[in-house]
Amino acid sequence: MADEHENTSPEEQALADEWAAALAEAGDASQDDIDALLNQGPAAAEPAAPRAPLEDFASMPKAGGAPLGLEGPNLDVILDIPVSISMEVGSTEISIRNLLQLNQGSVVELDRLAGEPLDVLVNGTLIAHGEVVVVNEKFGIRLTDVISPTERIKKLR
């Protein structure tokens, strides 16, 4: 490579050697491939963090044909991780002009009918629908329709 590019610094040569080794591990790499990677600039020199594939839990084998529950050892690790749960009454889109005109007593019309079930979101992902109830002078929600775990995993993709 030094014959082709006489102005190559030792740092660039070391980087080229690293890329050549990485490409050789990944498969056959030509000199043109290495040169193209070097010409992409310093942003390409830093490889992105590897992303683990999302496992398809729906296709995992079930022990003895019975559905897997919370008793499985794999879930013990994540059971205490906190998640954010929220209930959404409805939503709407308004212009910034109307947003700036809102004040105390303003009414914003939502996209839901009165009496329609609320959306229950966990970390922004819909998991259920429910209705508002009052328990010990506090608001609560009674779940009326829960989305299956298989459907929840499909929504993550």
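**Figure 1. Val-122 faces Thr-125 of strand S3 across the hairpin of S2 and S3.** The model shown is predicted: local features are given only at pLDDT of at least 70 and side-chain atom pairs only at pLDDT 80 or more, while totals for chains, interfaces and linings use all residues. Residues are numbered from 1 along each chain as its sequence is written, and side-chain values use heavy atoms, with hydrogens and water left out. S2 and S3 run antiparallel and are joined by five bridges; two strands count as paired if DSSP finds at least two bridges between them. Strands (E, at least two residues) and helices (H or I, at least four residues) are DSSP runs, numbered from the N terminus. The hairpin has two residues between its strands. Asn-123, in the loop between S2 and S3, is not a glycine but has a positive phi of about 50°. Is Asn-123 buried or exposed? Asn-123 is exposed, with a relative accessible area of 52%; exposed means over 50%, buried under 20%, and partly exposed in between (1.4 Å probe, protein chains only).

**Figure 2. S3 and S4 form an antiparallel pair joined by eight bridges.** Leu-143 in S4 is the bridge partner of Gly-130. Val-135 has Lys-138, also in S4, as its bridge partner. Two residues lie between the strands of this hairpin, where Asn-136 takes a positive phi near 50°. A positive phi is also found at Glu-137, about 65°, although Glu-137 is not a glycine. Glu-137 belongs to the loop between S3 and S4 and is exposed, at 81% relative accessibility.

**Figure 3. A salt bridge links the side chains of Glu-131 and Arg-142.** A salt bridge is taken as a side-chain nitrogen of Lys or Arg within 4 Å of a carboxyl oxygen of Asp or Glu. For this pair the N to O distance is 2.9 Å. Because Glu-131 lies in strand S3 (residues 125-135) and Arg-142 in strand S4 (residues 138-146), the contact ties together parts that are eleven residues apart in sequence. Glu-131 is partly exposed at 37% relative accessibility, and Arg-142 is partly exposed at 48%.

**Figure 4. Asp-119 and Arg-112 form a salt bridge.** Their closest N and O atoms are 2.3 Å apart. Which of the accessibility classes does Asp-119 fall into? Asp-119 is buried, with a relative accessible area of 11%. Arg-112 is partly exposed, with a relative accessible area of 21%. By the rule used here, the count comes to two salt bridges.

**Figure 5. Six residues make up a nonpolar patch on the surface: Val-89, Ile-94, Leu-99, Leu-102, Val-108 and Leu-110.** Together these residues have about 480 Å² of accessible area. Patches are made of residues with over 30% relative accessible area and no salt bridge; like charges are joined within 9 Å, and nonpolar side chains (Val, Leu, Ile, Met, Phe, Trp, Tyr) within 5 Å. Areas come from the Shrake-Rupley method with a 1.4 Å probe, and for residues only the protein chains shown count as cover. One patch member, Ile-94, sits in the loop between strand S1 (85-88) and H4 and is partly exposed at 41% relative accessible area.

**Figure 6. Ala-114 lies in the loop between H4 and strand S2 (118-122).** At 84% relative accessibility, Ala-114 is exposed. How far apart in space are Ala-114 and Val-89, C-alpha to C-alpha? The distance is 9.6 Å, for a separation of 25 residues in sequence.

**Figure 7. The chain combines five helices with four strands.** Along the sequence their order is α-α-α-β-α-β-β-β-α. Of the 157 residues in the chain, 13% are buried. The accessible surface comes to about 13,100 Å², and 55% of that belongs to carbon and sulfur atoms. Among contacts (heavy atoms within 4.5 Å) with a separation of 6 or more, 34% join residues 24 or more positions apart.

**Figure 8. Mean pLDDT of the chain is 74.** pLDDT is the predictor's confidence in each residue, from 0 to 100. A value of 70 or more is reached by 59% of the residues. Among the elements, the highest mean pLDDT (94) is that of helix H4 (residues 96-101), and the lowest (48) that of helix H3 (residues 42-45). Over residues 1-5 pLDDT stays under 50, and the model has nine contacts for them beyond four places in sequence.
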